[in-house]
Amino acid sequence: MDETHVAKAAELLRDAEFACCLTGAGVSAESGVPTFRDLDGLWQDHRAEELVTIEAFQADPRRVWKFHHGWRELIGSVEPNPGHVALARMEKILPRFELITQNVDGLHQAAGSSGVIELHGNIWDTWCVNCRYQCDAKLQPLSDEPHCPQCGAWLRPGVIWFGETLPIDALRAAQRAALSCDVMLVVGTSAVVQPAASLPEWACQHGASIIEVNPESTPLSRIAAVCLSGPGAHVLPALADKLSA
Ligand code: BV8
Ligand code: ZN
């Protein structure tokens, strides 16, 4: 991690009236949550389209629930890492800081971030496919093949599957932030999944500086004012330390 790049990123964030942050699966990697597309990613032995789509659920709800129960069990056993904690610190250090995540693991909230904009839902939410029944699987453990206590239909995980539109309030809030921020910190995303991946482009087109935190380069690297090449759990605490110095 290049110290001059960290210093430049800290200066951009310090000078910003409004900074926002977009995170992807990479920010949770050091917590032990596999990323989607990296070599040990969840989808290497599954095709995403087979598991995280409404069609897959309608075709075989048991198989999709098996995947999501495993996903919940794994996420339930991990803790936020220093990268999540550093982002929660930035919310307190900077005048205005909004966090947008593609992740469904709830680890930003567990680390103390507030007002987190969850673009793809949350793995602990559970909805009925037929009526308005909802529940929080953290508070109310579910059977392997959960059905609605009110109408008997299947329950589903409260995550946004491929081919499903994002929660309109979350998407609007994220788009508003992208169009009005001075700086966007982009952490741990391969910038493949739309419409989330367009947010940094929108921010850049509206004059914001992009800071990318990722051990690899991505399609966003070309528009980044600063690329901090390294894991979020090391880079983000260094950045937060610089900001609070
Ligand atoms: C939509 C919830 C309108 C599930 C997820 C055909 C039909 C239908 C739609 C499409 C289509 N073709 C394209 C689309 C659009 C589609 C899409 O974008 N597809 C992609 C694959 C091309 N999008 C959608 O369907 C969205 N809805 O468009 O609605 C619509 C409706 C109908 C028809 C058309 C359009 C819905 C997308 C939401 C899908 N749900 N998650 C679940 O989680 O179980 S997406 C899933 O991918 C996760 O949320 C994840 O966060 C997200 C993005 O991935 P990343 O976070 O970037 O993770 P990834 O593994 O890819 O990268 C990790 C990065 O971290 C890497 O860069 C790595 O280098 C880095 N890293 C690794 N270690 C570290 C690190 N960085 C920092 N520190 C480290 N230690
Ligand atoms: Zn119901």
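**Exercise 1.** How many Å separate an oxygen atom of ligand 1 from a polar backbone atom of Phe 36? Find the polar partners of the ligand, then its place in the protein.

*Solution.* The model is predicted.

Step 1. Start at Phe 36. A polar atom of its backbone lies 2.7 Å from an oxygen atom of ligand 1.

Step 2. Turn to the side chains. Thr 189 has a side-chain N or O atom 2.7 Å from an oxygen atom of ligand 1. For Ser 190, a polar side-chain atom is 2.6 Å from an oxygen atom of the ligand. Polar contacts are counted within 3.5 Å.

Step 3. Consider the surface. On its own, ligand 1 exposes 1,400 Å², and the protein buries 77% of that.

Step 4. Name the site. Ligand 1 sits in the largest pocket.

**Exercise 2.** Describe the shell of residues around ligand 1.

*Solution.* Step 1. Count the shell. There are 34 residues around the ligand.

Step 2. Pick out those that come nearest. They are Ala 25, Arg 37, Ile 160, Thr 189 and Ser 190.

Step 3. Sort the shell by type. It holds 14 nonpolar, 15 polar and 5 charged residues.

**Exercise 3.** Classify the ring pair of Phe 36 and Trp 71.

*Solution.* Step 1. Survey the whole structure. The search finds 4 aromatic pairs.

Step 2. Know what to look for. A pair of aromatic rings is described by the distance of the centres and the angle of the planes.

Step 3. Apply this. The ring centres of Phe 36 and Trp 71 are 5.7 Å apart and the planes stand at 85 degrees, so the pair is edge-to-face. The cut-off for that class is over 60 degrees.

Step 4. Place the partners. Phe 36 is in the loop between β1 (19–23) and α2 (48–51), while Trp 71 belongs to helix α4 (residues 61–76). The pair links distant parts of the chain, 35 residues apart.

**Exercise 4.** Find the backbone exceptions in the loop between β7 and α8.

*Solution.* Step 1. Recall the rule. Most residues other than glycine have a negative phi, and most peptide bonds are trans.

Step 2. Check phi. Ala 191 is in this loop. Its phi is positive, near 55 degrees.

Step 3. Check omega. Pro 195 lies in the loop between β7 (183–187) and α8 (198–205). The peptide bond from Gln 194 to Pro 195 is cis, with omega near 0 degrees.

Step 4. Follow Gln 194 onward. Its side chain makes a polar contact of 2.5 Å with the side chain of Ser 198. Ser 198 is in helix α8.

How values were computed
Residues numbered from 1 in each chain as written. Chains lettered and ligands numbered in written order. Predicted model: local features only at pLDDT ≥ 70, side-chain atom pairs only at ≥ 80, totals over all residues. Heavy atoms only, no water. Near = heavy atom within 4 Å. Polar contact = N/O pair within 3.5 Å; in protein donor to acceptor, adjacent residues only side chain to side chain. Areas by Shrake-Rupley, 256 points an atom, 1.4 Å probe, with all protein chains shown as cover. 1 Å grid on protein atoms, 1.4 Å probe; cavity = no way out; pocket = protein on both sides within 12 Å on 5 of 7 lines; lining within 4 Å. Sits in = over half its atoms within 2 Å of the grid points. Nonpolar A, V, L, I, M, F, W, Y, C, P; charged D, E, K, R; others polar. Phe/Tyr/Trp six-rings, centres within 6.5 Å; stacked < 30°, edge-to-face > 60°. Helix = DSSP H or I, 4+ residues; strand = E, 2+ residues; numbered from the N terminus.
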